[in-house]
Amino acid sequence: MNIRPLHDRVVVRRMEEERLSAGGIVIPDSATEKPIQGEIIAVGHGKILDNGSVRALDVKVGDRVLFGKYSGTEVKLDGKEFLVMREEDIMAVVEG
């Protein structure tokens, strides 16, 4: 995949949700919620400030992040689903 988001946008691939409950029951796709965790695949150059300068993003490719359940716009590229969202829609970076 060759995609570069503009400005302060990032491309995120959702992490797969657990499909097995603690008791060993398989959960069907229709009953699982959308994961709110993902991996950053691509980042833009940065946010353009009012004075015309560009502030670099705090996240980088490969970071695992948490975001809102309905954040971003879903896009399909090369048969895979991704989210395109602004950096401000990201709530946290998962470290460790």
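In this predicted model, S71 is buried, with a relative accessible area of 14%. Its place is the loop between β5 and β6. The side chain of S71 offers a polar atom that lies 3.2 Å from the backbone nitrogen of G68. Leaving aside residues up to four places away in sequence, S71 touches L83, M85 and D89. Two of these names, L83 and M85, come back in the largest nonpolar core, so let us step back and look at the whole chain.

## The chain as a whole

What does the protein chain contain in the way of helices and strands? There are 0 helices and 8 strands, and reading along the sequence gives the pattern β-β-β-β-β-β-β-β. Of the 96 residues in the protein chain, 25% are buried. The protein chain exposes about 6800 Å², and carbon and sulfur atoms supply 50% of that area. Among contacts with a separation of 6 or more, 61% are between residues 24 or more positions apart.

## The sheet

An open sheet is formed by 6 strands, in the order β6-β7-β1-β2-β5-β8, with antiparallel pairing. Which strands stand at the edges? They are β6 (73-77) and β8 (90-94); each has a single partner strand, so one side of each is left without a neighbour in the sheet. From one strand to the next, the twist averages 45 degrees.

The table sets out four of the pairings, each with a pair of residues that face each other across the two strands.

| Strand pair | Bridges | Residue pair |
|---|---|---|
| β6 and β7 | 5 bridges | E74 and L83 |
| β1 and β7 | 4 bridges | V12 and L83 |
| β1 and β2 | 5 bridges | V10 and V43 |
| β2 and β5 | 3 bridges | E39 and R64 |

L83 is a good residue to pause on. In β7, L83 stands opposite E74, and L83 also stands opposite V12. The pairing of β6 with β7 supplies another example, as K76 has E81 in β7 for its bridge partner. These strands, β6 and β7, make a hairpin with 2 residues between them, and in that hairpin D78 takes a positive phi near 50 degrees. On another side of the sheet order, β2 covers residues 37-43 and pairs with β1 in the antiparallel sense.

## The nonpolar core

Which residues make up the largest nonpolar core? It has 10 residues in all: V10, V12, I40, L57, V59, V65, F67, L83, M85 and I90. The elements that give two or more residues to this core are β1 (9-14), β5 (64-67) and β7 (80-86). In soluble globular proteins, nonpolar side chains tend to be buried together.

V59 gives a view of the core from one of its members. Not counting residues up to four places away in sequence, V59 touches V10, I40, V43, V65, E87, I90 and V93. Of these neighbours, V10, I40, V65 and I90 are also listed in the core. V43, another neighbour of V59, is the residue in β2 that V10 stands opposite.

## A buried aspartate and an exposed glutamate

Is D63 buried or exposed? At 11% relative accessibility, D63 counts as buried, because the cut-off for that class is under 20%. D63 is found in the loop between β4 (54-55) and β5. A polar atom of the D63 side chain lies 3.0 Å from the backbone nitrogen of K60. Beyond residues up to four places away in sequence, D63 touches G38, E39, I40 and V93. Among these, E39 has R64 in β5 as its bridge partner, I40 belongs to the largest nonpolar core, and V93 is also touched by V59.

D63 and S71 can be read side by side. The side chain of D63 has a polar atom 3.0 Å from the backbone nitrogen of K60, while the side chain of S71 has one 3.2 Å from the backbone nitrogen of G68.

E95 offers a contrast: with a relative accessible area of 72%, E95 is exposed. Where does E95 lie along the chain? Its place is in the segment after β8. The C-alpha atoms of E95 and V65 are separated by 8.8 Å, and these two residues are 30 residues apart along the chain. V65, for its part, is one of the residues of the largest nonpolar core.

Note on methods. Residues numbered from 1 in each chain as written. Predicted model: local features only at pLDDT ≥ 70, side-chain atom pairs only at ≥ 80, totals over all residues. Heavy atoms only, no water. Core = buried A, V, L, I, M, F, W, Y, C linked by side-chain atoms within 4.5 Å. Buried < 20%, exposed > 50% of the residue type's maximum accessible area, 1.4 Å probe, protein only. Contact = heavy atoms within 4.5 Å. Pairing = 2+ DSSP bridges. Axes fitted to C-alpha atoms, helices over the stretch in contact; angles between N-to-C directions. Polar contact = N/O pair within 3.5 Å; in protein donor to acceptor, adjacent residues only side chain to side chain. Areas by Shrake-Rupley, 256 points an atom, 1.4 Å probe, with all protein chains shown as cover.
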